[in-house]
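Subject: Structure for you to look over

Dear colleague,

I am handing over the structure we talked about, and below it I have written out what was found in it. Please read the notes with the model open beside you.

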Amino acid sequence: MWSSEMIKMLGEGVLSTLYMTLVSTFVGYIIGLPMGIVLTITDKNGLHPNRIIYKICDVIVNIVRSIPFLILLVLLIPFTRLLVGKSYGATATIVPLVVAAAPFIARMVESSLKEVDAGVIEAARSMGASNFSIICKVLLPEARVSLVTGMTIAVGTIFGYSAMAGVIGGGGLGDIAIRYGYYRYQTDIMFVTVIILIILVQILQEAGMRISKKIDRRLRG
């Protein structure tokens, strides 16, 4: 088991898993953050209520989030192949990961922004601040601790999704666990990959929580 080839494969699996997770999280936030802001400001109690826009975004988020990730992987195979030229491997897996992550992130962002004290928003309004200024200078800064905490949760969730992608040859540690641990009955390899996955998740979660606590201390200080 501990041959140089196996160690190299596990190392590449770790890098592929981190690559998929971090890139998917980044792109997911590029899509999900604006969507979460739109959901917040177009809500009936938002800065600029708009029932139609809110309902459209809300339905999109709910529909995508209701589809199990493994099914979403299969559904998006033609779209993934169209974008990257293939439906397997780490880069191809990023496509369904982003589609799954963006609505989840949007809902997390919406929840964080709605935690901001309404009095702070009203104070900014009374001073003549525009909606754009309120979003950039009040909502996002005031919610940054909650946003960082939400990002930590999102990274852990996307990390889990990336491991599930191994079922269809998505690459990374999940792919190694499926190919060797399941199809070849090498349970020792599956056990090692699971341990590595747990360690990586704990590291990412701990890093996120430390950043969140550091920001929180600065705010209180």
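The second largest pocket of this predicted model has a volume of about 210 Å³. Its lining is made up of L22, T25, F26, Y29, V148, M151, T152, V155, L204, A207, G208 and I211, and the elements that contribute two or more residues to that lining are α1, α8 (144-164) and α10 (187-220). Sorted by class, the residues around this second largest pocket come to 9 nonpolar and 3 polar, with no charged residue among them.

The largest pocket encloses about 270 Å³ of space and has a lining of 14 residues, among which T40, N45, G46, L47 and I121 lie nearest the centre of the pocket. Two helices, α1 (4-41) and α6 (118-126), each provide at least two residues of this lining, and the largest share, 4 residues, is that of α6. By class, the lining of the largest pocket divides into 7 nonpolar, 3 polar and 4 charged residues, whereas the second largest pocket has no charged residues in its lining.

As for the overall build, the protein has 10 helices and 0 strands, so that, read from the N terminus on, each element in the order α-α-α-α-α-α-α-α-α-α is a helix. The C-alpha trace spans about 70 × 45 × 25 Å along its principal axes, and 43% of the 221 residues count as buried. If one takes the contacts with a separation of 6 or more, 73% of them are between residues that stand 24 or more positions apart.

One of the helices that contributes to the second largest pocket, α8, can be checked for its length: at 1.5 Å a residue its 21 residues should span 30 Å, and the end C-alpha atoms are indeed 30 Å apart, so the expected and computed values agree. The buried residues of α8 are V145, L147, V148, G150, T152, A154, V155, G156, I158, F159 and S162, and of these V148, T152 and V155 are also found in the lining of the second largest pocket.

The charged side chains deserve a paragraph of their own. Side chains of opposite charge can pair when their charged atoms come close, and the structure holds 6 salt bridges. In one of them the side chains of D58 and R107 meet, with 2.8 Å from N to O; this pair links distant parts of the chain, since D58 is in helix α2 (residues 51-66) and R107 is in helix α5 (residues 90-113), 49 residues apart. D58 and R107 are both buried.

R107 also meets E110 in a salt bridge, again with 2.8 Å from N to O. Because E110 and R107 are 3 residues apart in helix α5, about one helical turn separates them, and an α-helix has 3.6 residues a turn, so residues three or four places apart point the same way. Both E110 and R107 are buried.

E110 has a further partner in K114, the closest N and O atoms of that salt bridge being 2.9 Å apart. The two ends of this pair differ in their surroundings, because K114 has a relative accessible area of 40% and is partly exposed, while E110 has a relative accessible area of 5% and is buried. Taken together, D43, D58, R107, E110 and K114 are linked in a network of salt bridges.

Two further residues may help you to find your way around the model. V64 has its place in helix α2, and with a relative accessible area of 18% it counts as buried, because the cut-off for that class is under 20%. Leaving aside residues up to four places away in sequence, V64 touches V99, A100 and P103. Its C-alpha atom is 23 Å from that of G171, which lies 107 residues away along the chain.

L75, by contrast, lies in helix α3 (residues 69-75) and counts as exposed, because its relative accessibility of 55% is over the 50% cut-off. L75 and S16 are 59 residues apart in sequence, and their C-alpha atoms are 23 Å apart in space.

With best regards

Key
Residues numbered from 1 in each chain as written. Predicted model: local features only at pLDDT ≥ 70, side-chain atom pairs only at ≥ 80, totals over all residues. Heavy atoms only, no water. 1 Å grid on protein atoms, 1.4 Å probe; cavity = no way out; pocket = protein on both sides within 12 Å on 5 of 7 lines; lining within 4 Å. Points joined across faces, edges and corners; volume = space filled by probe spheres on them. Nonpolar A, V, L, I, M, F, W, Y, C, P; charged D, E, K, R; others polar. Salt bridge = Lys/Arg side-chain N within 4 Å of Asp/Glu carboxyl O. Buried < 20%, exposed > 50% of the residue type's maximum accessible area, 1.4 Å probe, protein only. Expected span 1.5 Å × (residues − 1). Contact = heavy atoms within 4.5 Å.
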